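Before you go through this model, here are some notes on its packing and its charged pairs. Please read them alongside the sequence and the coordinates.

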Amino acid sequence: MTVSQILQSEMTAIAISEPGGPDVLKPETVPVPQPEAGEVLIKVAAAGVNRPDVVQRKGLYPAPPGASPLPGLEVSGTVVALGSGVEPEWMGRKICALTNGGGYAEYCVAPVGQCLPVPESLTMEEAAALPETLFTVWSNLFNRGFAREDETVLIHGGTSGIGTMAITLGKLFGLKVIVTCGTDQKCTAAKSIGADHAINYKTQDFVEEIKKITDGQGVELVLDMVAGDYVARNLKCLKEDGRHVTIAVQGGAKATLNMAQIMMRRLTLTGSTLRPQSAERKALLADEIYRYIWPDVEAGKVKPVMDEVFALKDAAKAHAHMEAGDHIGKIILKVE
């Protein structure tokens, strides 16, 4: 059954009129997307606002081939149409989904393998705040970083959406969590979420603070979204055989490193970005999240830290709020 047979043919979406600041985000009337094989069409209730959306808006992170040019990488909502090959049981389900783009809209398509059921423990706004952070933290902190119980991890950006979820999952799986934040207020917030220690990087040298906290031992793992000149400093925080995982390059894409030190101390440097990965890979991540984390989501033990909810038409205000850097946790667009 096609979308045109059961739904309106057009919808309101937030488009990027041209690369630029938040004001280039404009409501437009566009066709409702058609789900292709293996996809579902979602009537969107809420959409998460993420840093990659901001980078895309600036013209620095184009959508991959075949993906919607509209921003929005995670949504919650109700499945209202199915592509070929999708089991009929998905129709009418309330789900949250990692999308390939297009979330800032009344309707959005997503591969069925990237969808998760919304339990009673979550509002639809909370559900929309989960996919991007859960997929990112799980794949990088645990799959790539090999975090294990009783290890210590340093997480930069401790009160961002990613940072708050990294704290939550870190404590869920028995890690000692140290974060950096830009204000004392954010440090206090990070500790209230569960961080064992929070370092104000504007008033303290985090390398020296890590030495004090760990009695000179260092940490097993760094989850870094800054890159640039932070990388060399991060490596000074690592124990021998430590792991460094890069998930964003907000401080610059290039770093100067002493490779001899990396060799002698047997350090591992890795990283990933989520959007370009294959649907098969993302489906595997969704399956792991459903098996290992979703029982705690259903039990109310894992919830996103929520900052502010904006109306879809106010997407520009939501982006301005994110770029101001004062938020703690997730920023959401409410569609319904």
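1. A residue is called buried when its relative accessible area is under 20%, exposed when that area is over 50%, and partly exposed in between. Arg266, at 43% relative accessibility, therefore counts as partly exposed. Please keep in mind throughout that this is a predicted model.

2. The side chain of Arg266 meets that of Glu240 in a salt bridge, with an N to O distance of 3.1 Å. Because Arg266 sits in the loop between helix 9 (259-265) and strand 13 (268-271), while Glu240 belongs to strand 12 (residues 238-246), the pair ties together parts of the chain that are 26 residues apart in sequence.

3. Salt bridges in this model come to a count of 16. One of them joins the side chains of Lys58 and Glu323 at 3.2 Å, N to O. Lys58 lies in the loop between helix 2 (51-57) and strand 4 (74-82), and Glu323 lies in helix 12 (residues 315-324), so this pair ties together parts that are 265 residues apart in sequence. Lys58 is partly exposed, at a relative accessible area of 40%, and Glu323 is likewise partly exposed, at 31%. Arg57 also belongs to this picture, since Arg57, Lys58 and Glu323 are linked in a network of salt bridges.

4. Are the partners in the salt bridge between Glu74 and Lys330 buried or exposed? Glu74 has a relative accessibility of 0% and counts as buried, and Lys330, with a relative accessible area of 2%, is buried too. Their side chains meet at 2.5 Å, N to O. This pair links distant parts of the chain, with Glu74 in strand 4 and Lys330 in strand 15 (residues 330-334), 256 residues apart.

5. Turning to the nonpolar packing, the largest core has 44 residues, and Leu141 and Val179 are those with the most contacts inside it. Helix 4 (residues 131-144) supplies the largest share of this core, six residues. Apart from it lies another core, of 28 residues, among them Val44, Ala110, Ala318 and Met322.

6. Leaving aside residues up to four places away in sequence, Val179 touches Ile155, Gly158, Ile167, Ala190, Ala195, His197, Ala198 and Ile199.

7. Finally, Asp205 is found in the loop between strand 10 (197-200) and helix 7 (206-213), and its relative accessible area of 36% makes it partly exposed. The C-alpha atoms of Asp205 and Arg233 are separated by 9.8 Å, although these two residues are 28 residues apart along the chain.

Note on methods: Residues numbered from 1 in each chain as written. Predicted model: local features only at pLDDT ≥ 70, side-chain atom pairs only at ≥ 80, totals over all residues. Heavy atoms only, no water. Core = buried A, V, L, I, M, F, W, Y, C linked by side-chain atoms within 4.5 Å. Buried < 20%, exposed > 50% of the residue type's maximum accessible area, 1.4 Å probe, protein only. Helix = DSSP H or I, 4+ residues; strand = E, 2+ residues; numbered from the N terminus. Contact = heavy atoms within 4.5 Å. Salt bridge = Lys/Arg side-chain N within 4 Å of Asp/Glu carboxyl O.
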